[in-house]
Amino acid sequence: MSIRPIFVVAGVGNASGTGAAAARLFSKAGYRVALIARDQKSLQTLASKLSEDGGEAHPFAIPSYAPQDVRGAFTAIRKQWPKEQGNDIRVALWNTAAAVWKPFLEITDEEVKEGLEVNVAAAFAFSREVIKEFKSNELNELGKRGTLLFTGATAGIRGNVTTSAFAAGKFGERALSQSLAKEFGKDNIHVAHAIIDGPILTDRQRSRHDTEWQNDQNVRLDPESIAKAYVYLANQDRSAFTWELDLRPAHVKW
Ligand SMILES: NC(=O)c1ccc[n+]([C@@H]2O[C@H](COP(=O)([O-])OP(=O)(O)OC[C@H]3O[C@@H](n4cnc5c(N)ncnc54)[C@H](OP(=O)(O)O)[C@@H]3O)[C@@H](O)[C@H]2O)c1
């Protein structure tokens, strides 16, 4: 029996958003799932649910997104599923983001620092571990060693009146993804960035909007629909790699 490839996702929150939806869909698609985030309880609950549904998932809680903690998660993944036993990490998703929405003059030094540390420095640390893993993989049936995905945002391509700090981080994340796509394409490593151009139906967004908005699929993105696009990207073969795609609900103004 062949060993299931591993899908690693960083950023799962309370499991109501894109990170958890991607975990569910990759699990259904036959991947083992490594869940990286800060809340052990929420990770354990999601991992148990995925396992009950016939998948195999494991929580890798980290105290913070500091580079050493992100690296520590990969050490723990390797302890759980050793490379020598044929366990390959084949898809990874950087989904974490620290968002500050404030007028420029109200943003503190700490918020700028946190935004850059989480959205840029931690994304670098995650990508480094993933690229090292992919480089040790053989080519798979799609002619690639692995797929590294980034959840981006409108703020990754456009600054706005309250997004100076957030956009600086998301632009940085997008720049990182493009640089990696170019540097590692020759190694048959696929790197893709998804611009999520609209609000995602997470618990946080639910608490801000009325039921009419929540039920209207024309105005907000479903996390499952984003996850479907991620599975599509992971299934692309080496003759047609997307670096960037954008996703938005039908009625959103752009
Ligand atoms: N929600 C939206 O409307 C929307 C719209 C466009 C783009 N996006 C993008 O979608 C991704 C998030 O997906 P999601 O909104 O569906 O939610 P999600 O899957 O629940 O993920 C949110 C993640 O962000 C992390 N996070 C939040 N605040 C943080 C902070 N201050 N420091 C460190 N980590 C923090 C949480 O980490 P823990 O798991 O460790 O708690 C959580 O994993 C982000 O890249 C975001 O830019 C979201």
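This section describes the central sheet of a predicted model and the helices H4 and H5 that lie across its strands. Local features required pLDDT of at least 70 and side-chain atom pairs counted only at pLDDT 80 or more, whereas totals for chains, interfaces and linings use all residues. Residues are numbered from 1 along each chain as its sequence is written, and side-chain values use heavy atoms, with hydrogens and water left out.

Helices (H or I, at least four residues) and strands (E, at least two) are DSSP runs numbered from the N terminus. An open sheet of 7 strands shows parallel pairing in the order S3-S2-S1-S4-S5-S6-S7, where two strands pair if DSSP finds at least two bridges between them. Strands S3 (57–61) and S7 (244–247) stand at the edges with a single partner strand each, so one side of each is left without a neighbour in the sheet. Neighbouring strands are turned by 20° against each other on average, direction ignored; axes are lines fitted to C-alpha atoms, for helices over the stretch in contact, and angles run from 0 to 180 degrees between N-to-C directions. Strand S2 (residues 32–37) runs parallel to S3 and is joined to it by 5 bridges; Leu 35 has Pro 59 of S3 as its bridge partner.

Helix H4 lies across S1 (6–10), S2, S4, S5 and S6, at about 175° to S4, with contact meaning heavy atoms within 4.5 Å. Helix H5 lies across S4, S5, S6 and S7, at about 165° to S5. The buried residues of H5 (under 20% relative accessible area, 1.4 Å probe, protein chains only) include Phe 166, Leu 176 and Phe 184. Their cover includes S4 (89–94), H4 (109–135), S5 (146–151) and S6 (189–196).

Definitions and conventions. Buried means under 20% relative accessible area, exposed over 50%, partly exposed in between (1.4 Å probe, protein chains only).
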